Amino acid sequence: MLTLELLINGMLLGGLYACVAVSFSLIWGVMNLINLAHGTMIVLGAYVSFMLFRAFGLDPFLSIPVAAVTLFLLGYALQRFVINLVVKGSVFMTLILTFGFNLLLVNALLAIFTADTRALTPSYAGLGVAFGDIRISYVRLGVFAFALALTYLLNLFLGHTRMGQAIKATSFDQEAAQLVGVRIRDIFSLTFAIGAALAGASGPLLGMLHSFSPVVGGTLTMKAFVVVVLGGLGSVPGAVLGGLTLGVVEHLSTLVLGSGYQDAISFLSLLVILILRPTGFLGKKFYAELKA
Amino acid sequence: MAGTSLLEVRGVSKWFGGVRALDDVSFHLAPGEILGLIGPNGAGKTTLINIVSGNLRASSGAMWFRGQAIAGLAPHRIAGLGIARSFQISKAFLGMTVEENVLVGALFGTSNGRSGDRKRDVYKILCLLGLEARRRDRVHALNVADRKKVDLGRSLAMKPQVLLLDELMAGLNPVELEALFGLLREINHQGVGLIVIEHVMRVIVSLCHRVIVLHQGQKIADGPPVQVMHNQRVIEAYLGAKYQQSTAGRGGLTS
Amino acid sequence: MDVKTARFDTHVWEERRASARRAVSWVLLVVAAVSLLAAPYALSAYWVRVLTTIFMYGALASAINIIAGFTGYPAFGHVVFFGVGAYTAALAIARWGWSFWPGTVLAAAVCGGFGAIAGLPLLRLRGHYFAVATLGMNEATRALVENFGFTGGGTGVILPSLRGSIREINALFLVLMLGVLAAVVGFSYWLSRSRFGYGCRAIRYDEEAAAHCGIPTTRYKVAAWTISASFTGTIGAIYAYWLGYIEPSVVFDMNIAVKFFVMMLLGGAGTVFGPLLGAVLVEGIGILSWSRFLTFHSAVFGLIIVAVIILLPGGLADLASHRFSLRSLLRNVQENRV
């Protein structure tokens, strides 16, 4: 029964991973930009929620919109005034730029909040529903539901609004999109902002599942990368599938290896996937080649 | 035929998923010959060149170069044996100088001379192509025509026995075209066999000893240029009736 | 003598003059190196350590230049070899009783082997995929080292302390780091003029075309990475011995990786002396900002990285070949902006 509980908890965690990965994939797929500060943006969202919780007792689920808006503004400004300057440059440049920004952000968070680990524990944190021997906490279910809802909303936005269509068009063919009147600079700024907002929204969700501190962002970014590669760049269903897979693999691996190796497992899965099937479960073959 | 041809291609087919790009294509290239390869876009010309140069693997069929089987060899092995190629869009090394580009060809081609000789060879090729004044310039500063010359120079420095040229003349003005045309003639006189993909018919007619025509992956004609130009199937598939009328009585390029 | 031969001979004469100029620069370099060796007896311990650190980073930046600068494969997580080298040497010296030189040679060999084995699958990836794969490689290795018992887990490894006065020890490590630096830079110099080097550069600019010129691209890529890994591992080994104590979070730290990456870019990727120049500059800035902005120095460093990347994508070497002006800086920005 331990296995089943791990499986279920793994899937629930996987929902969060999927949400985290989708926003990462959006930015990568549209602008060919790998945002190394992604994880820290999520952590920032968690801190926003933490401040609201400590000051007003605001339930973390309810602070999701606030975190999202904060990160939206930050992301928009960053892309518009900084990243747009180098986005057509080489791989080195964009990676180092986002790494530099990550460094800045982490240090800012350390200065404001110190390195202490925090957690978001609402009053109902210990409660859950029970099926026989298995206990699933309400919080995990809530996080799973919200994560999938956010992912679904993003998918709707991309598929059914004019802005969303413009973004999708840009990801497929920038020149063609420009020819039909899409302004790339604005699209990039908007895309990054949306990606950041989604990351910010994932912050409170993360905070409720895990303790966090300013330095955990890096691992999160890596996991987002693993999920995107697993599921295939450019595919939202792929990100969901990849997220669930990673969550389950991580939890089940504790049966065999104990809890210390979870991170190692994620990274090793990344390498294995990159070597065997870089396009992931559902990615299209030449999409990945174009974006490399 | 297999004994005397420089390059022999037999029964080559290529599938991309469900699409058949080449269908049982066979041809040969005799030593010192210039072979034209023409056909409408999508006929499979570049695919065929890619297969000969090792860029792609044929789905079926065989190839021999100077009697040695080359199907399935990696591109660098085929290059080392003596087959050089150019690409539709110039693939010169943009960050290197003109001189360095040609030097790469000399270093890794079939030549085995001492480094002093190599430098002299590189310089000679630069002069032949009219690039010696710009030899220290980086290629990204050059225009399209000059970049194509750099490509050609790099290929020549490899001392190849066969040169595969993919639309070298595309995008050139008549003066540049004329110059390059003369160059190709000269290279051929020095013993290099050429396979030339072109859409510029004047070049094909005047330069090539023989022409093969591809259409939808199949070879539909193989013979001397004038004969092929008057082939009914070729006219229908590619040239068009108007061309036939307009070229009646006119020759190709001079020189 | 016909015109063509005359022109060629002028060409050869120009080359000979350029070689003479280079020879003079080499002599100056050697003089500088020798005077640096006298440093431990002239400068305070602090400055000697600073100099040693600069040499170390110069060597690291020059090492990654081999695979990233010359060959064009952005090995973002290259610090993994620094860590593996440090750990190999530390374990050999502390646990198995090896002495320094064999320990260091082992470190270089292990890293070379690791690079060759990992290189075969990973070098099939390009651009971003390759960069993040190397990142993953570093993180995976760090996570494994943190968990394995025999590597000491998260608490790290302590090396036996060194005998000798402070001054002697400082001098020793100054010389060792300078030695590795000289070796890497010397190798880079050879690379810039050798057939292998031309092959690597061709791979960087257009791998497909390079293959069609007759360059065995896989063999060359893997060789470049292996050599780069060995050098980096050697530096890691010396570092371990120098500090006397290593732990996973320090020797597999991505901040180190980015630092020497930035140094390479700033100084000029693909040049012989560029990475060393970049190291001097970045370390210099680092020292200045550390002394002025103690709390924020990481943040300042982050800001500087950002500014450099935006304004000088080609690095200082780029600056040297064009005329330095505000306009050329702005032009750089124009080329890469959207």
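Among contacts in chain C between residues at least 6 apart in sequence, 77% join residues at least 24 apart; two residues are in contact here if their C-beta atoms, placed from the backbone, lie within 7 Å. The model is a predicted one, in which local features need pLDDT of at least 70 and side-chain atom pairs count only at pLDDT 80 or more, while totals for chains, interfaces and linings use all residues. Residues are numbered from 1 along each chain as its sequence is written, and chains are lettered from A, with ligands numbered from 1, in the order in which they are written.

**Chain C and the core**

Chain C holds 16 helices and two strands, where helices (H or I, at least four residues) and strands (E, at least two) are DSSP runs numbered from the N terminus. Of its 338 residues, 53% are buried. A residue is called buried if 20 or more other C-beta atoms lie within 10 Å of its own, exposed if 12 or fewer, and partly exposed in between, with C-beta atoms placed from the backbone.

Which residues have the most contacts inside the largest nonpolar core? They are C:Ile64 and C:Met177, in a core of 290 residues. Such a core is a set of buried Ala, Val, Leu, Ile, Met, Phe, Trp, Tyr and Cys residues joined through C-beta atoms within 7 Å. Leaving aside residues up to four places away in sequence, C:Met177 touches C:Thr52, C:Phe55, C:Met56, C:Ala59 and C:Ile238.

**Where the chains meet**

Chain C puts 37 residues in contact with 38 residues of chain A. The elements giving two or more residues to this side of chain C are α6 (127-147), α12 (254-267), α14 (297-311) and α16 (326-336) of chain C. On the side of chain B that touches chain C, the corresponding elements are α2 (75-81), α3 (98-108) and α4 (115-129) of chain B; here 22 residues of chain B are in contact with 19 residues of chain C.

The classes below count Ala, Val, Leu, Ile, Met, Phe, Trp, Tyr, Cys and Pro as nonpolar, Asp, Glu, Lys and Arg as charged, and the others, Gly among them, as polar.

| Side | Top element | Classes |
|---|---|---|
| Chain C, touching chain A | α6(C), 13 residues | 27 nonpolar, seven polar, three charged residues |
| Chain B, touching chain C | α3(B), five residues | twelve nonpolar, six polar, four charged residues |

**Strands and a helix**

In chain B, four strands make an open antiparallel sheet in the order β2-β1-β4-β5; strands pair if DSSP finds at least two bridges between them. Its edge strands, β2 (19-29) and β5 (68-69) of chain B, each pair on one side only. Strand β4 (residues 60-65) of chain B meets β5(B) through two bridges, and B:Trp64 has B:Ala69 as its bridge partner.

Chain A has a hairpin of β1(A) and β2(A) with two residues between them, where A:Gly132 in the turn has a positive phi of about 60 degrees. Four bridges join these antiparallel strands, A:Ala130 being partnered with A:Arg135.

Helix α10 (residues 236-257) of chain A has 22 residues and should span 32 Å at 1.5 Å a residue, which agrees with the 31 Å between its end C-alpha atoms; the expected span is 1.5 Å times one less than the number of residues. Just after α10(A), A:Gly258 takes a positive phi of about 80 degrees.

**Confidence in chain A**

The mean pLDDT of chain A is 83, with 93% of its residues at 70 or more; pLDDT is the predictor's confidence in each residue, from 0 to 100. Among the elements of chain A, helix α2 (residues 38-56) has the highest mean, 93, and helix α12 (residues 285-291) the lowest, 42. Where pLDDT is low, the predicted coordinates should not be read in detail.
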